[in-house]
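User: I would like to learn how to read the features of a structural model, one at a time. Please give the general idea in each case and then apply it.

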Amino acid sequence: MAVKKNVECNIVIKVQTGTTTTGKPSYTSRSFGDINPEISDDNVLTIGQKLADLQKYSLGSVNREDLAEIAQA
């Protein structure tokens with residue numbers, strides 16, 4: 001049976017920093033690490049939106065990145 005070890009969680013917000021030469025929005029990602037991996041997706045969204053309020057640019061999206069090592073139990 002496989003188990004997860006060394007679970008890490010990051011909140012990544014994408015903010016619109018401008019437009020491309022063709023007029024499409026261009027985005028930059030901002031990553032915030034050391035998030036408790038047990039946090040709910042609803043809380044990730046709320047925290048991401050609050051972090052975006054502190055940014056100079058408009059929020060594009062809130063993303064959650066989970067990374068874990070999978071090992072034999």
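User: How should salt bridges be read here, and which residue does the side chain of Arg64 meet in a salt bridge at 2.9 Å?

Analyst: Side chains of opposite charge can pair when their charged atoms come close. In this predicted model, the side chain of Arg64 meets that of Asp66, with 2.9 Å from N to O. Arg64 also forms a salt bridge with Asp41, where the closest N and O atoms are 3.0 Å apart. That second pair links distant parts of the chain, since Asp41 belongs to helix H1 and Arg64 to strand E3, 23 residues apart. Asp41, Arg64 and Asp66 are thus linked in a network of salt bridges.

User: Are Asp41 and Arg64 exposed or partly exposed?

Analyst: Asp41 is exposed, with a relative accessible area of 56%. Arg64 has 25% relative accessibility and counts as partly exposed.

User: How many salt bridges does the model contain, and which residue pairs with Glu69?

Analyst: The count comes to 3 salt bridges. Glu69 pairs with Lys5, and their closest N and O atoms are 4.0 Å apart. Because Glu69 lies in strand E3 and Lys5 in strand E1, this pair ties together parts that are 64 residues apart in sequence. Both residues are partly exposed: Glu69 has a relative accessible area of 38%, and Lys5 has one of 39%. Lys5 and Glu69 are also bridge partners, with Glu69 in E3.

User: That leads to the sheet. In what order do the strands stand?

Analyst: In a regular strand the side chains alternate between the two faces of the sheet. Here 3 strands form an open sheet in the order E2-E1-E3, with antiparallel pairing. Strand E2 (25–32) and strand E3 (58–72) stand at the edges with a single partner strand each, so one side of each is left without a neighbour in the sheet. From one strand to the next, the twist averages 30°.

User: How many bridges join E1 to E3, and over how many do E1 and E2 pair?

Analyst: E1 and E3 run antiparallel and are joined by 13 bridges. E1 and E2 pair over 8 bridges, also in the antiparallel sense. To follow the register in the model, one may look at Val3, which stands opposite Ala71 in E3, and at Val15, which stands opposite Thr28 in E2.

User: How many residues lie between E1 and E2 in their hairpin?

Analyst: The hairpin formed by E1 and E2 has 5 residues between the strands. Within the turn, Gly23 has a positive phi of about 90°.

User: Which residues other than glycine have a positive phi?

Analyst: Most residues other than glycine have a negative phi, and most peptide bonds are trans. Asn6 has a positive phi near 55°, and its place is in strand E1. Asn6 is exposed, with a relative accessible area of 55%. Asp34 has a positive phi near 60° and sits in the loop between E2 and H1. Asp34 is exposed as well, with a relative accessible area of 81%.

User: Where does H1 lie with respect to the strands?

Analyst: H1 lies across E1, E2 and E3. The helix runs at about 135° to E3.

User: Which residues make up the largest nonpolar core?

Analyst: In soluble globular proteins, nonpolar side chains tend to be buried together. The largest nonpolar core of this model has 9 residues: Cys9, Ile11, Ile13, Val15, Ile35, Ile39, Val44, Leu51 and Ala52. E1 and H1 are the elements that give two or more residues to this core. E1 gives the most, with 4 residues. Ile39 may serve as a worked case: leaving aside its neighbours within four places in sequence, Ile39 is in contact with Cys9, Val44, Ile47 and Arg64.

User: Finally, what is the mean pLDDT of the chain, and which elements have the lowest and the highest values?

Analyst: Where pLDDT is low, the predicted coordinates should not be read in detail. For this chain the mean pLDDT is 95, and 100% of its residues reach 70 or more. Among the elements, strand E1 (residues 2–19) has the lowest mean pLDDT, at 94, and helix H1 (residues 41–53) the highest, at 97.

How values were computed. Residues numbered from 1 in each chain as written. Predicted model: local features only at pLDDT ≥ 70, side-chain atom pairs only at ≥ 80, totals over all residues. Heavy atoms only, no water. pLDDT = per-residue confidence, 0-100. Core = buried A, V, L, I, M, F, W, Y, C linked by side-chain atoms within 4.5 Å. Buried < 20%, exposed > 50% of the residue type's maximum accessible area, 1.4 Å probe, protein only. Contact = heavy atoms within 4.5 Å. Pairing = 2+ DSSP bridges. Axes fitted to C-alpha atoms, helices over the stretch in contact; angles between N-to-C directions.
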